[in-house]
Amino acid sequence: MLTPQISYEFIAEKIRAMKDTYPSLRSKSDAHVFSALCVKSNFYKNPALILSEAELDDIIVDGQYDGGVDFLLSDPNTEGADLVIGQSKFYAAIQYDDVLNAMIKMALFYKDMVRGQYEQVNATVQHRFMTLQSDVGDESKIHFVFYTSAPQAGIRRDRIEKKFREQFTGISNIEVSILFADDIVDEIKESESRRPTVEAGKIRIDEHDNYLLYGDGAAVVNVSAYSIKQLYAQHNTNLLARNLRYHVAGRDIDNAIKETITKDPDSFWLKNNGITIICDDFEIDGKEVKLKNFSIVNGGQTTYLLHKSTNISSENDLYLPCKIIKIIGNTEDEKNRFTLSIAKATNSQKAIKPVDLKANSPEQIRFSQAMREVGIFYQTKRGETVPRMYREPYLNTDLVEIGKSCLAGIFQVPCLSRAKPSSLYQEKYYEPIFNGNLSQIAKLCKELLYIDHYFRTVYQKNFDRENNTHPNASTRISLAHNARTICVAFVAFASRYRQENISVQDLAPIFGPSSSESILDALYETFRDLGQLQYFIPPQVFDNKEQYDKILSKLFSVIIEAGITSYSIECRHDSTLTATNYLKKDKNYYDILGAQWSRIHEDIIRIFDEIEM
């Protein structure tokens, strides 16, 4: 552990380096850049995540009337669009009450904002919060983060967290992180070390030829913790190249592992599940196991904590169970299926998310290739490095983003896409996308990605600017900020209708009195059947982004104006209704279409008549 002065100077040096890397930060205060440094090191340590200057400018909201928050972002490492609300203090020393007051202030800010009491904060914070809140769904968490460059100096995190959580009695989706100087130094160092590659190497076992063979393709050994620590020091996340995920911090499990290493190392073998290594080949020679093309597929958390432990060295070693398995299969598909089956079966210490289970599946690898053929880099697993040529946000994507896009654009359930994106893993949604006509799906997904990108980066900002002085500005802007997935869905809907891929007869359920579920069930087969659809807007128009963007703006405006009308009517009957809640139900999306179909139909025909279909 570094001394407080050395930690502070280390952070100060990284702040200076941050200013060199991001020219837009050079005129900013050290306190401002400290926020940027912490966000980058904590949330963007994955080498596949690129944090641009424009994104940083959006994330850091520190300023006058900021409501006590310094940064707002959607956690790029989670599936559920977790909202991160944070504050930072670039201090050399800090007191308990300073930390507690900062945390309570963030809690009050959040509660005011979800109630629509925006007048307490400046326009930048208002718009940023509404934009991020619009993506928060039923599976999302609200993560409050406090950073300080000051040492912990006896401050009790648990006491602060207890008082903070009292602000949210009965609410279970709240997460809290309080990081002091040493924590931030660790985050920075780990962030700088991430390089995902596959290497070869060797490990040591406890005794000469002490192993248990299972046929010719597997063995169980007692592996030296220090040899695992050395491997991680040498290769970092390379060791987890074929794992379902990289190390994801989990306080309870992490603390239990650390405590056993520190206080009861003799029982580590008994308490720890050990690690599982898959490889192309292995050879046991005395107390050494040579591994070829290997990866740890279970035990990434243990591996990381062994690496971090100061209690493990060549003189102070311990052993843990290690299973070594040769990969079986003659084709890449067979090898990937085998690896995936082992990874799924052996991961038990921490819950695996659906996206992790799909990481190395054959259909994901095939889909990745199909996306590459249309010019999109598709990450099958968090941690892959995005090649430079695909660094534009709409040219790289992953399973979570594709899932949201397809739920909204293809299956026409935009509110489900936002509120519960994990619905994609249901067979009725997953199979048609990833085991269907991949060439067709890839082309459509490429458009959906751009449609979503244009809404977020251009249209929404233009709409805010044009409506700021409107008499009904608050209602209009709030609904528009929550309408992204509905806008993506409507572009696809309008195009399919204009191309006669769907007909008025197909849409009959929209115009009758039906429940939400009955409408969705009735329309599922209609929207699932893409027929010969190859594009939403002709390729020659897509290649002309200026023309494409104009068409998107017109289509977005059609559904947003219709949405504002329907929402305003509903508000007359329910004064507590918010735009966020209104646009969380697909029934309301279909009510908008059904109630105003005459006008919407005419607008679709008019807009598409301007281009050649």
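This passage walks through two sets of paired strands, the helices packed beside one of them, and one buried asparagine, N467. The model is predicted, so local features are given only at pLDDT of at least 70 and side-chain atom pairs only at pLDDT 80 or more, while totals for chains, interfaces and linings use all residues. Residues are numbered from 1 along each chain as its sequence is written, and side-chain values rest on heavy atoms, with hydrogens and water left out.

A good place to begin is an open sheet of four strands, which follow the order β1-β2-β3-β4 with mixed pairing. Its edges are formed by β1 (71–74) and β4 (174–179), each of which pairs on one side only. On average, neighbouring strands of this sheet are turned by 20 degrees against each other, direction ignored. Strands here are DSSP runs of E with at least two residues, helices are runs of H or I with at least four residues, and both are numbered from the N terminus. Two strands are said to pair if DSSP finds at least two bridges between them. Between β1 and β2 (residues 83–89) there are four bridges, in the antiparallel sense; S74 has L83 of β2 as its bridge partner.

Helix α4 (residues 96–114) packs on this sheet and touches β1, β2, β3 (142–148) and β4. Contact means heavy atoms within 4.5 Å. The direction of α4 makes about 150 degrees with that of β3. Such angles run from 0 to 180 degrees between N-to-C directions, using axes fitted to C-alpha atoms, for helices over the stretch in contact. Helix α6 (residues 157–165) lies across β3 and β4, at about 145 degrees to β4.

Further along the chain, strand β8 (residues 275–285) has two partners to look at. With β9 (residues 288–298), β8 pairs in the antiparallel sense over nine bridges, and D281 stands opposite K292 in β9. The hairpin of these two strands has two residues between them, and G286 takes a positive phi near 65 degrees there. With β10 (residues 319–326), β8 runs parallel and is joined by five bridges; T276 has K323 of β10 as its bridge partner.

Finally, where does N467 sit? N467 is found in helix α18 (residues 438–467). N467 counts as buried because its relative accessibility is 6%, buried being under 20% relative accessible area, exposed over 50% and partly exposed in between, with a 1.4 Å probe and protein chains only. The side chain of N467 reaches the backbone oxygen of F463 at 2.8 Å. Leaving aside neighbours within four places in sequence, N467 is in contact with A473, R476 and I477.

Methods:
Polar contact = N/O pair within 3.5 Å; in protein donor to acceptor, adjacent residues only side chain to side chain.
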